[in-house]
Amino acid sequence: MNKHLSSASLKALAKGQLLGNFGTLIRVFLIYCGWVFFTTFSTSMMDISSFMGLIIYYVATFLISLITGIFLYGQAYIFLKIACNQEIMVSDLFFGFKNAPDRIIKVQAVISLVSLLCSFYGILSPYVMQQPDNSYLFLAYVVLFILGSAVNILFTLNASQCFYLMLDFPQYSPSEIFKKSFSIMKGSKGRLFYISLSFLPLFLLGICSCCIGFLWVLPYLQAVHANFYLDLIKKKQ
């Protein structure tokens with residue numbers, strides 16, 4: 001039985017493939033980070049102290065996530081090209097805007113909706129702040145937070161290959177993409193979770209470098225994930 005590549009092997013592959021591409025990747029991530037900063041700043045200005053304000057915040061966050069999904073699709077395209085030793089361009093980040101964006105939005109809408117539902121414990125936030133001595137309310141908040149986080153992590157791991165699959169199988173419908181992603185991730189969720197957790201020290205270093213280090217850490221992580229997909233799909237086929 002063929003074994004999957006180890007975390008160390010995937011990282012070694014990624015490091016070699018990134019050589020010569022960092023100039024382009026830095027520009028790609030500066031554009032993406034600019035979008036994330038703009039949207040995060042915009043939503044942070046919203047008043048979430050009331051129930052209605054919180055609902056408006058969730059709706060705005062959901063709509064923004066649909067556009068973010070198209071950017072993430074472009075990133076998947078870039079790193080799949082890198083993993084296949086193909087030349088990349090900054091314009092590849094916008095690949096999804098001109099290639100079936102409606103299909104991308106449908107997939108991202110499901111991912112965002114699940115994430116939104118799993119974070120609905122936040123609706124209790126204003127009440128927890130208004131009633132800090134209410135232990136039952138606080139306990140309900142903590143329980144919903146734990147359950148929501150667990151479900152969201154599990155779903156995210158299962159759906160983690162969707163954008164790569166969309167690039168490799170453009171004939172698949174969104175529902176088929178999800179089924180395929182869930183199928184190939186059977187038995188590999190723990191491996192991907194471990195690989196992602198292994199980047200935690202690098203993320204801490206990125207924070208300590210005033211986030212400048214993320215211009216190296218994020219491409220490195222994405223390159224490992226692209227190689228994880230290629231290794232996964234080869235073994236499953």
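**Notebook: salt bridges and the largest pocket**

I began with the charged pairs and found that the structure, which is a predicted model, holds two salt bridges. In general, side chains of opposite charge can pair when their charged atoms come close.

I looked up one of the pairs and noted that the side chains of Lys81 and Asp92 meet in a salt bridge, at 3.0 Å from N to O. This pair links distant parts of the chain, since Lys81 sits in helix α3 and Asp92 in the loop between α3 and α4, 11 residues apart. I then checked exposure for both partners, and Lys81 and Asp92 are each buried.

I turned next to Arg191 and Asp231, whose side chains meet in a salt bridge at 3.8 Å, N to O. Here, too, distant parts of the chain are linked, with Arg191 in helix α9 and Asp231 in helix α11, 40 residues apart. I recorded Asp231 as buried because its relative accessibility is 4%, and buried means under 20%.

My last entries concern the largest pocket, for which I noted a volume of about 1,600 Å³. I counted 43 lining residues, of which Tyr32, Leu72, Ile111, Thr156 and Gln222 are the closest to the pocket's centre. I also asked which helices supply at least two residues of this lining, and I listed α2 (22-44), α3 (51-83), α4 (101-118), α6 (135-158), α7 (162-168), α9 (189-197), α10 (200-208) and α11 (214-236). Sorting the lining by class, I wrote down 26 nonpolar and 17 polar residues, with no charged residues.

Definitions and conventions: Residues are numbered from 1 along each chain as its sequence is written. This is a predicted model: local features need pLDDT of at least 70, side-chain atom pairs count only at pLDDT 80 or more; totals for chains, interfaces and linings use all residues. Side-chain values use heavy atoms; hydrogens and water are left out. On a 1 Å grid over the protein atoms alone, a cavity is a set of points where a 1.4 Å probe fits but cannot get out, and a pocket is an open set with protein on both sides within 12 Å along at least five of seven lines; lining residues have an atom within 4 Å of a point. Grid points are joined across faces, edges and corners, and a volume is the space filled by probe spheres set on the points. Helices (H or I, at least four residues) and strands (E, at least two) are DSSP runs, numbered from the N terminus. Ala, Val, Leu, Ile, Met, Phe, Trp, Tyr, Cys and Pro count as nonpolar, Asp, Glu, Lys and Arg as charged, and the others, Gly among them, as polar. A salt bridge is a side-chain nitrogen of Lys or Arg within 4 Å of a carboxyl oxygen of Asp or Glu. Buried means under 20% relative accessible area, exposed over 50%, partly exposed in between (1.4 Å probe, protein chains only).
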